[in-house]
Amino acid sequence: MEYPVPVALARPVAALPAGPGWWYEPKLDGHRCVLWRDADTVRLHTRSGRTVTSAWFDIAVAGMNLLPGSVLDGEAVIWADGRLDFSAVQARAASTVTRSRSLAARLPASYAVWDLLAHPELGDIRTLPYTERRRRLLELLENIAPPIQAVPATDDIEVARDWYEHLQDQGIEGIVAKRANAPYRAGRIWSKVRHAETVDADVVGYTGAPARPRALAVRLLDGRRALTQRLTAPLAAAAAPHLMAAGPGARARTAGGDTYTSTAPGLVVEVLSGTTRHAVVTVTRIR
């Protein structure tokens with residue numbers, strides 16, 4: 001298995017799919033990471049392939065307790081006052097090495113795992129059914145203490161609906177549904193229901209300086225290119241490494257005539273779906 005591994009994603013649906021063969025997991029509000037336990041170290045990368053080990057060093061340290069050869073897919077989350085704190089997650093994701101250690105001392109991170117992509121004895125197991133990967137994941141984590149833990153899962157849709165209705169105050173975004181017999185592969189192979197629905201958009205450019213972008217130019221699902229609202233400081237800091245690494249870009253315009261500087265593909269952001277039908281697009285997080 002080559003690093004970084006392309007990740008599986010979920011597509012939005014209006015209601016949870018029901019019937020035999022469906023499993024459900026709560027969707028946590030955090031930072032998607034794939035954790036690699038190599039022979040001598042631990043590495044983490046985002047869904048876009050960026051290495052983020054230094055930002056989540058406390059998870060990396062905990063990952064050393066895993067058997068070498070393990071590759072896990074999950075979410076880096078931070079709990080504060082009994083609920084998930086996505087603002088704290090954004091701060092960690094955009095922090096320097098020194099600042100990440102300071103932030104971790106105040107609010108340590110947890111790693112909520114939902115899939116096992118490589119097994120220390122079997123190697124790449126992505127072709128196995130979800131339920132078999134889940135079984136081996138629970139075995140692997142049986143003697144692993146927090147902050148690395150498996151997310152809950154159920155094949156009872158009533159339990160999943162109860163999670164959806166009653167766990168929002170704890171920061172649970174919604175529910176992800178997965179087929180019991182499905183292998184793990186890149187692309188939108190799962191289904192998700194969320195309280196505040198968002199969609200992913202490819203970043204095609206930016207305004208301002210690459211080190212401190214004011215706004216991003218994104219390609220929406222309908223193909224339209226639009227500028228986002230002004231980025232918050234954490235979002236700008238999270239987007240900056242990609243924009244700077246891409247180098248100088250050409251000048252371009254959105255369909256509405258707004259100018260921006262183009263950038264290389266590879267950066268994905270999450271935007272509020274309700275805004276994509278209008279001139280204003282709101283970025284909620286960097287993927």
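This briefing covers the cavities, the largest pocket, the largest nonpolar core and some backbone details of the structure. The model is predicted. A search of the whole structure finds two cavities of 30 Å³ or more, with volumes of about 240 Å³ for the largest and about 150 Å³ for the second largest. The largest pocket has a volume of about 400 Å³, and the largest nonpolar core holds 27 residues.

**Largest cavity**

- The lining of the largest cavity is made of 18 residues, and those nearest its centre are Ala10, Lys27, Arg32, Trp114 and Val176.
- Four strands each give two or more residues to this lining: E1 (8–12), E2 (22–28), E10 (172–179) and E11 (187–194).
- Strand E2 gives the most, with four residues.
- By class, the lining of the largest cavity has 10 charged residues, eight nonpolar and no polar ones.

**Second largest cavity**

- The second largest cavity is lined by 16 residues, with His31, Phe86, Ala93, Arg285 and Ile286 nearest its centre.
- At least two lining residues come from each of strand E3 (31–37), helix H2 (86–93), helix H6 (233–246) and strand E18 (283–286).
- H2 supplies the largest share of this lining, four residues.
- The lining of the second largest cavity divides into seven nonpolar, four polar and five charged residues.

**Helix H2**

- Buried residues in H2 are Phe86, Ala88, Val89, Gln90 and Arg92.
- At the start of H2, the backbone nitrogen of Ser87 has a side-chain oxygen of Asp85 within 3.1 Å.
- H2 also gives two or more residues to the largest nonpolar core.

**Largest pocket**

- The largest pocket is lined by 23 residues, of which Ala94, Ala236, Ala237, Ala238 and Ala240 lie nearest its centre.
- Strand E13 (212–219) and helix H6 are the elements that give two or more residues to the pocket lining.
- H6 accounts for the largest share, six residues.
- The lining of the largest pocket has 14 nonpolar, five polar and four charged residues.

**Largest nonpolar core**

- In soluble globular proteins, nonpolar side chains tend to be buried together.
- Among the 27 residues of the largest nonpolar core, Trp56, Leu72 and Ile148 touch the most other members.
- Elements that give two or more residues to this core are E3, strand E4 (42–45), helix H1 (57–63), strand E5 (71–80), H2, strand E7 (109–119) and helix H4 (130–140).
- E7 gives the most to the core, with four residues.
- Leaving aside neighbours within four places in sequence, Trp56 is in contact with His31, Cys33, Leu44, Ala76, Ile78, Val89, Arg92, Ala93 and Ala109.

**Backbone details**

- Tyr3 and Pro4 are joined by a cis peptide bond with omega of about -5°, and Pro4 lies in the segment before E1.
- A cis peptide bond also runs from Pro146 to Pro147, with omega near 25°.
- Pro147 is in the loop between H4 and strand E9 (148–150).
- Asp81, a residue other than glycine, has a positive phi, near 55°.
- Asp81 sits in the loop between E5 and strand E6 (83–84).
- Asp81 counts as exposed because its relative accessibility is 85%, and exposed means over 50%.

Note on methods:
Residues numbered from 1 in each chain as written. Predicted model: local features only at pLDDT ≥ 70, side-chain atom pairs only at ≥ 80, totals over all residues. Heavy atoms only, no water. 1 Å grid on protein atoms, 1.4 Å probe; cavity = no way out; pocket = protein on both sides within 12 Å on 5 of 7 lines; lining within 4 Å. Points joined across faces, edges and corners; volume = space filled by probe spheres on them. Nonpolar A, V, L, I, M, F, W, Y, C, P; charged D, E, K, R; others polar. Buried < 20%, exposed > 50% of the residue type's maximum accessible area, 1.4 Å probe, protein only. Polar contact = N/O pair within 3.5 Å; in protein donor to acceptor, adjacent residues only side chain to side chain. Core = buried A, V, L, I, M, F, W, Y, C linked by side-chain atoms within 4.5 Å. Contact = heavy atoms within 4.5 Å.
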